[in-house]
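Here's a quick walk through one protein chain, written for someone who likes to think in contacts and surfaces. Have the viewer open while you read.

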Amino acid sequence: MPPKADTVTPLLPLTIRQARPEDADAIAAFSAAMALETEGRSLDPDRLRAGTRALLHATAHGFFMVAESAQGLPRLLGQLMITYEWSDWRNGVFWWIQSVYVDPVWRRRGVFRRLHEVVMAQAQADPAVCGVRLYVEGDNAIAKEVYSRVGMTPSTYQVFERDFVLSKRTPGGR
């Protein structure tokens, strides 16, 4: 479940914390940039903003974590989203890391690593959480390398889906 309170972890000029409603526009902009960069998808901005705000206001489905600059005026440098999956086998919840994005200017400077460290520490401290998972676009070699460097390993599972909103259109199909 979401962290009990704002978790602030200073590291040089970097702060990691749970996102707040006032972060919605920056998070939605990051999510749109991530979708375009990794999958070539242009997302509906109204739907994306509404979805971002919905999660920020009702954490039953998950929560966002953000990395914020502590130099000068606070501004977001990166984000990730956590959603929940119940495991009957483990009698616990997996936290799924999704919507990972770091502003290109701040990449390769430890922003994702710090986000990941805070999420892992919170997940391991919560007895209801049985593990952390993420999925990555199949051709995103850079992301796979980064995730390996922070200790994540490929699963034996592959993700299959039937997406009713962003499905890839096929001839004669939806």
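Helices and strands here are DSSP runs, a helix having at least four residues and a strand at least two, numbered from the N terminus. Keep in mind that this is a predicted model.

**The overall layout**

The protein chain has four helices and six strands, and from the N terminus they go β-β-α-α-β-β-β-α-β-α. Of its 174 residues, 42% count as buried. Among contacts with a separation of 6 or more, 59% come from residues 24 or more positions apart. As for the outside, the chain exposes about 10800 Å², with carbon and sulfur atoms supplying 56% of that area.

**Strand S5 and its partners**

How many of the residues of S5 are buried? It's 11 of 11, so the strand is largely enclosed by the rest of the structure. S5 covers residues 92-102 and runs parallel to S6 (residues 129-134), the two pairing over five bridges. The chain gets from S5 to S6 by way of H3, in a β-α-β crossover that is right-handed. With S4, S5 pairs in the antiparallel sense, over nine bridges. The S4-S5 hairpin has four residues between its strands, and asparagine 91 there takes a positive phi near 50°.

If you want to check the register by eye, these are some of the facing pairs:

| Residue | Stands opposite | Strand of the partner |
|---|---|---|
| Tyrosine 84 | Tryptophan 95 | S5 |
| Tryptophan 96 | Arginine 133 | S6 |
| Isoleucine 97 | Leucine 134 | S6 |

**Two helices**

Helix H3 takes up residues 111-125, so to speak 15 residues' worth of helix, and reaches 22 Å from first C-alpha to last, close to the 21 Å expected at 1.5 Å a residue. Its buried residues include Val111, Phe112, Leu115, Val118 and Val119, along with Arg114 and His116.

Helix H2 (residues 45-57) has 13 residues and reaches 18 Å between its end C-alphas, close to the 18 Å expected at 1.5 Å a residue. Leu48, Thr52, Leu55 and Leu56 are its buried residues. Down the axis of H2, the buried residues fall within an arc of 100°, so they line one face of the helix. The spacing fits a familiar rule: an α-helix has 3.6 residues a turn, so residues three or four places apart point the same way. What covers the buried residues of H2 includes helix H1 (24-39), strand S3 (62-69) and S4. On the other side of H2, Asp46, Arg47 and His57 are exposed.

**A pair of residues to look at**

Is serine 87 buried or exposed? Serine 87 has a relative accessible area of 5%, and because the cut-off for buried is under 20%, it counts as buried. Serine 87 belongs to strand S4, residues 76-87. Beyond its neighbours within four places in sequence, serine 87 is in contact with Gly92, Phe94 and Cys130.

Tyrosine 157 sits in the segment after helix H4 (141-149). Its relative accessible area is 53%, which makes tyrosine 157 exposed, because anything over 50% counts that way. Which residues does tyrosine 157 contact, leaving aside its neighbours within four places in sequence? They are Trp89 and Arg133. Arginine 133 also turns up in the table, as the residue in S6 opposite tryptophan 96.

Methods: Residues are numbered from 1 along each chain as its sequence is written. This is a predicted model: local features need pLDDT of at least 70, side-chain atom pairs count only at pLDDT 80 or more; totals for chains, interfaces and linings use all residues. Side-chain values use heavy atoms; hydrogens and water are left out. Buried means under 20% relative accessible area, exposed over 50%, partly exposed in between (1.4 Å probe, protein chains only). Contact means heavy atoms within 4.5 Å. The expected span of a helix is 1.5 Å times one less than its number of residues. Accessible areas come from the Shrake-Rupley method with a 1.4 Å probe; for residues, only the protein chains shown count as cover. Two strands pair if DSSP finds at least two bridges between them. A crossover is right-handed if, with the strands pointing away from the viewer, the path from the first strand over the helix to the second runs clockwise. The arc is that of the directions from the helix axis to the C-beta atoms.
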